[in-house]
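User: I'm new to this one. Could you show it to me and let me ask where the labels come from?

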Amino acid sequence: MQTFLQLDLPAMLAALFATMACALLGNFLVLRRQSLMGDAISHAVLPGIVGAFLLAGTRAAGPLFAGAIAAALVAVVLIELVRRYGRLESGTAMGVVFSVMFAAGVVMMEQAAAQNVDLDADCILYGQLEGILWLAAAGPESLLDPAALAALPREVVVLAGVLAVTALAVFAFRKELTLASFDPELATTLGFPAGMINLGLMVLVGAVAVAAFEAVGSILVIAMFICPAAAARMLTDRLGVQIALSLAFAAVAALGGYALAAFAPLWLGVDRALAASGMIAVVSGVLMALAILLGPVHGVLGRRMAGRRVA
Amino acid sequence: MSGTVWPTAAQVLDVLTLRAGYNTAVVMIGVALLGLAAGVVGSFTVLRKRAMMSDTLSHATLPGIGLAFLAATALGGEGRSLPVLLTGATAAGVAGVLVVHLIVRHSRLPEDAAMGAVLSVFFGLGAVILSYVQTLGTGAEGGIATFIYGRAAAMSAGDALLIAAVATGAVLATALLYKEFRAVCFDPGFAAAQGWPVGLIDLAMMTLVVVVTVVGLQAVGLILVIALIIVPAAAARFWTDRLGTMVVIAAGFGMASGYVGTALSALLPRFPAGGIIVLVAGALFLVSLFLAPRRGVAAAAWRHLRLRVSVEGQHLLRALFEAAEAAQRPTGAPADLADLRIARSWPPLRRALVLADLRRRGLLRRDAAAVALTPAGQEEAWRLTRNHRLWEEYLVNFAHLAPTHVDRSADLVEHVLDGALVAELEARLATIGRLPRLRGVPRSLHA
């Protein structure tokens with residue numbers, strides 16, 4: 001029990017908060033056909049993180065977070081500029097900007113390595129869910145003990161805060177976000193600045209992505225921006241229901257994926273756990289595949305059955 | 001960068017002329033050929049609007065690499081052998097393309113969501129498999145991790161030769177399928193109607209992208225290989241509107257990026273080849289974005305400035321003409337710019353540019369503090385004023401706008417009235433008897 005509280009609980013909580021925050025925003029990304037923005041941003045923040053690290057000289061979260069957010073904003077603006085002034089298709093603009101920024105980050109990271117500092121790219125790619133520990137936990141009673149709770153790992157606290165802020169922002173701007181996602185032109189004519197709403201959404205995406213990276217890695221972030229929302233989209237036509245479903249899928253993926261990665265190898269007789277964030281991504285993919293196949297109305301099976309009824 | 005030792009000029013020359021050792025030379029040639037192939041294949045990918053597809057399938061190769069390693073090891077072979085790993089990568093990449101295709105075809109999800117989902121889920125699966133490989137404790141994971149970031153410096157001459165051979169093959173295949181690719185890039189709907197098997201051609205194109213991606217893994221790594229495919233092609237797009245030219249330019253950019261990037265990385269310690277190659281490509285893209293003759297940003301800004309100056313110049317000519325008309329002076333008489341409302345509000349730079357442009361075209365003379373229209377300038381000013389008023393008359397008589405509202409719109413349109421339209425305006429106004437007599441201009445509506 002103590003091991004669970006010290007090792008597994010904090011990791012599961014971090015994964016849960018991160019996946020839910022991503023899934024919440026993912027609903028709008030999928031609707032707006034900007035799913036790949038999560039991918040682009042999550043690659044493009046690398047130079048920001050490394051740059052902040054080189055400037056500040058510490059691994060403190062504050063500067064790294066600020067650098068990453070700055071890089072995310074630069075990426076969003078650059079993509080838009082290249083798209084508009086270069087008259088390139090948005091996928092091309094995205095690919096050019098994020099890959100060049102990522103390359104700059106890789107080169108800068110080698111420079112950082114020259115200064116004997118430990119900034120591991122793998123860490124950013126795969127995350128370190130397994131490294132999130134709650135050493136103050138002594139037993140179930142620690143869950144109610146303020147002193148022990150105060151010693152909860154920073155990642156868990158930060159991700160909980162990010163989830164809360166994201167949920168608040170989405171709730172406060174639900175009307176604007178919905179309108180701008182379904183019909184940006186209408187939103188503009190009605191006096192809602194679609195461009196500003198878009199930029200605001202991108203800032204949120206960047207913030208969530210960056211906060212989630214440290215704990216769960218960029219791969220999981222990309223998967224969570226897309227898979228839960230896409231799965232939910234296969235099951236419903238109502239945005240509210242879709243958001244609720246996507247949050248549920250995210251939770252299932254986070255807890256189920258972690259459990260599979262941490263415990264399944266033990267049952268199979270392997271004594272080392274598998275990559276948890278990778279497994280969470282795989283579970284979310286499986287959920288999405290199931291939704292595509294089995295969705296009652298829009299799923300492959302559902303449409304087959306409807307076709308048979310008509311015939 | 002305190003630890004960086006800068007190479008001497010002789011070293012630079014040696015590397016660039018392939019005299020810095022057999023291995024370096026072969027790797028440089030191999031990566032340059034890879035860049036060439038990536039530029040060729042990438043041109044079609046970009047035109048087909050599938051740029052992010054190359055990102056998707058390069059990420060999707062990871063589980064294939066892991067599985068191929070496991071399978072080869074289980075069968076008692078050498079798991080780390082390059083052909084085995086690349087076969088696994090190719091299979092997984094093609095599988096990724098097919099899954100995206102299936103999702104788009106059989107669900108209501110947009111293509112970008114399908115690509116993002118395949119990218120992240122396949123890569124996540126790859127991470128899980130790699131973490132399993134780690135538990136085997138064979139020490140092979142280091143060799144596999146090379147594929148994520150690439151390590152051109154660690155490539156052997158044999159690896160480079162393999163890359164060169166595959167890249168050449170990909171270029172030849174593209175040359176064979178040139179007509180088919182062109183058809184689906186420019187108008188897939190029309191191509192389908194003409195009987196081209198669009199789905200098959202797309203699959204062939206994406207398979208070529210997979211092949212180039214897979215051989216590029218070693219050199220630049222799977223995250224950056226997308227840059228090698230997209231960036232040179234996107235840069236080439238700025239220089240031309242012709243497909244053949246674009247492919248050649250993209251191939252050249254890709255080759256230059258590979259060659260220069262590998263050379264830099266060989267010369268400078270701590271500059272990883274993958275990153276440097278992409279940064280060189282990115283620099284070429286930036287240069288193209290700004291400096292390309294027709295589609296470049298600088299050219300567009302220049303055209304915009306020219307148009308602006310020419311429009312303002314036309315306004316000044318008409319203002320001079322109307323001032324002379326109002327004062328019943330000859331149109332060639334000198335006039336003080338300070339008397340013209342339009343010129344008073346101009347910032348000095350714009351005023352200087354407009355005046356210089358008009359004088360360069362021989363329409364205006366400077367006369368001490370005043371300016372005067374040359375004979376050619378009088379002719380042009382007469383024509384402009386006449387067009388302006390013809391258009392105003394037209395708006396009042398046929399579009400039924402109030403005379404106070406027509407000046408602004410005539411201002412906008414007078415610069416683009418062509419001869420045929422002016423002739424038609426004259427004919428229409430003549431039929432209702434509002435056309436002024438020969439060589440005259442219609443009387444100003446605002447006088």
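Analyst: Here is a short round of questions about burial, the core and the chain contacts.

Analyst: This is a predicted model, where local features need pLDDT of at least 70, side-chain atom pairs count only at pLDDT 80 or more, and totals for chains, interfaces and linings use all residues. Residues are numbered from 1 along each chain as its sequence is written, chains are lettered from A and ligands numbered from 1 in the order in which they are written, and side-chain values use heavy atoms, with hydrogens and water left out.

User: Why is B:T174 called buried?

Analyst: Buried means under 20% relative accessible area (exposed is over 50%, partly exposed in between; 1.4 Å probe, protein chains only). B:T174 comes in at 3%, so it's buried. Around B:T174 you'll find B:V40, B:V41, B:F44, B:F181 and B:L208, not counting residues up to four places away in sequence; touching here means heavy atoms within 4.5 Å.

User: And what makes B:A38 buried?

Analyst: The relative accessible area of B:A38 is 1%, so that one is buried too. B:A38 sits in helix α2 (residues 22-47) of chain B; helices are DSSP runs (H or I, at least four residues), numbered from the N terminus. The C-alpha atoms of B:A38 and B:G254 are 6.6 Å apart, though 216 residues separate them along the chain.

User: What makes something a nonpolar core, and how many residues has the largest?

Analyst: A nonpolar core is a set of buried Ala, Val, Leu, Ile, Met, Phe, Trp, Tyr and Cys residues joined through side-chain atoms within 4.5 Å. The largest has 201 residues, and those with the most contacts inside it are A:L129, A:F225, A:M288 and B:F285. Among the contacts of B:F285 are A:V82, A:L88 and A:V96.

User: Why is the pair B:R108 and A:D237 called a salt bridge?

Analyst: The term needs a side-chain nitrogen of Lys or Arg within 4 Å of a carboxyl oxygen of Asp or Glu. For B:R108 and A:D237 the N to O distance is 2.4 Å, so the pair fits the definition. The count between chain B and chain A is 1 salt bridge.

User: How much area do the two chains bury?

Analyst: About 4,800 Å², with 74% of it on carbon and sulfur atoms. Buried area is the accessible area (1.4 Å probe) that two parts lose on being put together, summed over both. In contact there are 57 residues of chain B and 58 of chain A.

Methods
Helix = DSSP H or I, 4+ residues; strand = E, 2+ residues; numbered from the N terminus.
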